[in-house]
Amino acid sequence: MTIGLDDVVAAETVLSHVDGEAGRLIIRGYDLEELAGRVPFEDVVAILWEGLVPHGAADPRALLGRARERAYGYFAPLAPQLSALTPVEGMRLLLASLPDADEDHPALAVGAAGVAAAMAVRGARGLAPVAPDASLSHAADTLRMMRDAPVGESEAKALDTYLVTVIDHGLNASTFTARVVASTQAGILSSVVAGLCALKGPLHGGAPGPVLDMLDAIGPIGNAEAWLDDAMARGERLMGFGHRIYRVRDPRADVLKAAAGRLRDKDNRIAFAEAVEATALKVLERRKPGRRLETNVEFYTAILLDALGIPREGFTPLFAAGRTAGWVAHAIEQTRLGRIIRPKSRYVGAWPAQAA
Ligand code: CMC
């Protein structure tokens with residue numbers, strides 16, 4: 001029996017495949033590198049949803065634009081509540097408020113996730129929400145709504161690359177969660193909210209904020225080795241490293257590193273991150289020999305999103321904004337199967353006293 005489901009195949013999917021030994025991520029027949037930075041997010045959503053969502057391929061940019069506007073209509077009355085919540089809690093509140101009756105179109109979930117991420121980040125800082133502009137790309141509009149400032153072409157492209165990079169990734173914890181909920185026929189929006197709840201933990205989608213905290217705490221690069229060594233001696237995990245599936249470098253890390261490299265490198269942040277990465281890999285190999293702990297997606301997510309001027313507490317909401325398209329697709333795929341996911345547990349507790 002496998003505790004924790006390692007190596008158990010719990011679903012068949014046409015959506016994505018993670019090859020942890022080759023360091024390869026395939027999304028609907030394309031290598032990640034063929035899509036990220038080359039095909040706009042909206043078109044990748046249409047590719048991902050082909051055969052699952054009836055109108056997924058019809059002008060996907062307009063579809064998501066309209067979905068953002070519709071979502072904003074639902075969310076605007078909730079804005080005053082956001083100042084008491086962290087951004088990821090605020091996003092959970094907003095997405096949970098969408099009525100199932102309006103879930104005919106999965107686009108609503110994806111449009112809503114961009115709006116919710118932006119509103120929740122602003123709301124947590126006590127700032128008023130910015131209404132969507134349906135004429136913009138999903139990435140440009142999400143960034144504009146979050147920062148309330150014009151978005152340059154290279155910035156929009158960088159966020160677009162990010163959203164595509166995280167769109168789907170096999171049966172990770174949040175996607176599995178979304179599929180379990182969908183398997184009960186609970187619906188797409190409930191599956192998405194459940195996915196977000198699983199994603200928010202630091203072992204899954206909550207890591208990129210702490211990556212920046214780590215870079216800040218290290219201080220000058222000369223401190224890196226001693227700092228990282230001390231952290232590991234205390235039994236801490238180095239954020240942005242290690243992965244359940246990848247035993248080589250996470251391919252998403254390189255895509256994001258390249259995208260970050262195309263942005264203005266204020267304060268030599270990228271060069272610093274590269275130096276910390278190299279040191280961390282050395283320390284990990286020394287402290288955990290043979291475990292093959294490599295850089296994961298979160299390390300360069302932190303660098304890229306920081307360079308876009310996004311506060312670190314907004315990183316997980318943006319991860320969720322990209323991943324929502326994957327959760328939706330998995331929810332539909334699972335719902336169509338019509339079979340509830342219901343594994344067993346092994347009872348190791350006490351038994352009632354036997355009658356004499
Ligand atoms: N720093 C230090 N030690 C580590 C790390 C790390 N980042 N990751 C794993 N280890 C250790 C772990 O403690 C274990 O040690 P031992 O064998 O002595 O008990 C050994 O390496 C093997 O761990 P594993 O079984 O390969 O790790 P796992 O599959 O249980 O955990 C992980 C995977 C991602 C939760 C873990 O690597 C981690 O906590 N990383 C830091 C947090 C992080 O970056 N999360 C983002 C993950 S990528 C986003 C996503 O796709 O969800």
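Trainee: In which segment is L5 found?
Mentor: The model is a predicted one, and L5 can be placed in it by reference to the element that follows in sequence. That element is strand 1, which covers residues 16–19. L5 is therefore found, by the DSSP assignment of elements, in the segment before strand 1 (16–19).

Trainee: Is L5 buried, partly exposed or exposed?
Mentor: The relative accessibility of L5 is 37%. Buried would require a value under 20% and exposed a value over 50%, so L5, which meets neither condition, counts as partly exposed.

Trainee: What is the phi of L5, a residue that is not a glycine?
Mentor: Most residues other than glycine have a negative phi. L5 is not a glycine, and yet its phi is positive, at about 65 degrees.

Trainee: Where is Q185, another residue whose phi deserves a look, placed in the chain?
Mentor: Q185 is a residue other than glycine with a positive phi, near 65 degrees. At a relative accessible area of 46%, Q185 is partly exposed, because the value falls between the 20% and 50% limits. Its place is in the loop between helix 8 (173–183) and helix 9 (188–199).

Trainee: Which residues of the shell are closest to the ligand?
Mentor: The ligand sits in the largest pocket, and 23 residues surround the ligand there. That shell divides into 10 nonpolar, 5 polar and 8 charged residues. The closest of the surrounding residues are H204, L238, R244, K288 and R291.

Trainee: How many Å separate an oxygen atom of the ligand from an N or O atom in the side chain of R247?
Mentor: Several N or O atoms of the protein lie within reach of oxygen atoms of the ligand, and a pair counts as a polar contact if it is within 3.5 Å. A backbone N or O atom of G240 lies 2.9 Å from an oxygen atom of the ligand, and an N or O atom in the side chain of N296 is likewise 2.9 Å from a ligand oxygen. For the side chain of R247, the distance is 3.3 Å.

Trainee: What share of the 950 Å² that the ligand exposes when taken alone does the protein bury?
Mentor: The reference state is the ligand taken alone, which exposes 950 Å². Of that area, the part that the protein buries is 80%.

Trainee: Which residue offers the backbone oxygen that the side chain of T142 reaches?
Mentor: T142 lies in helix 6, residues 138–147, and is buried, because its relative accessible area of 1% is under the 20% limit. The side chain of T142 reaches, at 2.7 Å, a backbone oxygen that belongs to H138.

Trainee: Which side chain does the side chain of H138 join in a polar contact?
Mentor: H138 also has its place in helix 6, and at a relative accessible area of 1% H138 is buried. Its side chain takes part in a polar contact of 3.1 Å, and the partner is the side chain of R68.

Trainee: Is L52 buried, partly exposed or exposed?
Mentor: L52 lies in the loop between helix 2 (41–49) and helix 3 (60–75), and its C-alpha atom is separated by 35 Å from that of R262, a residue 210 positions away along the chain. A loop position alone does not settle the matter, but the relative accessible area of L52 is 10%, and since that is under 20%, L52 is buried.

Trainee: What is the relative accessible area of A76?
Mentor: A76 is found in the loop between helix 3 and helix 4 (87–96). Between the C-alpha atoms of A76 and V45, which are 31 residues apart along the chain, the separation is 26 Å. A76 is partly exposed, and its relative accessible area is 30%.

Trainee: How far apart in space are G349 and H243, C-alpha to C-alpha?
Mentor: G349 has its place in the segment after helix 15 (315–337), and with a relative accessible area of 34% G349 is partly exposed. In sequence, G349 and H243 are 106 residues apart, while in space their C-alpha to C-alpha distance is 32 Å.

Note on methods:
Residues numbered from 1 in each chain as written. Predicted model: local features only at pLDDT ≥ 70, side-chain atom pairs only at ≥ 80, totals over all residues. Heavy atoms only, no water. Near = heavy atom within 4 Å. Polar contact = N/O pair within 3.5 Å; in protein donor to acceptor, adjacent residues only side chain to side chain. Areas by Shrake-Rupley, 256 points an atom, 1.4 Å probe, with all protein chains shown as cover. 1 Å grid on protein atoms, 1.4 Å probe; cavity = no way out; pocket = protein on both sides within 12 Å on 5 of 7 lines; lining within 4 Å. Sits in = over half its atoms within 2 Å of the grid points. Nonpolar A, V, L, I, M, F, W, Y, C, P; charged D, E, K, R; others polar. Helix = DSSP H or I, 4+ residues; strand = E, 2+ residues; numbered from the N terminus. Buried < 20%, exposed > 50% of the residue type's maximum accessible area, 1.4 Å probe, protein only.
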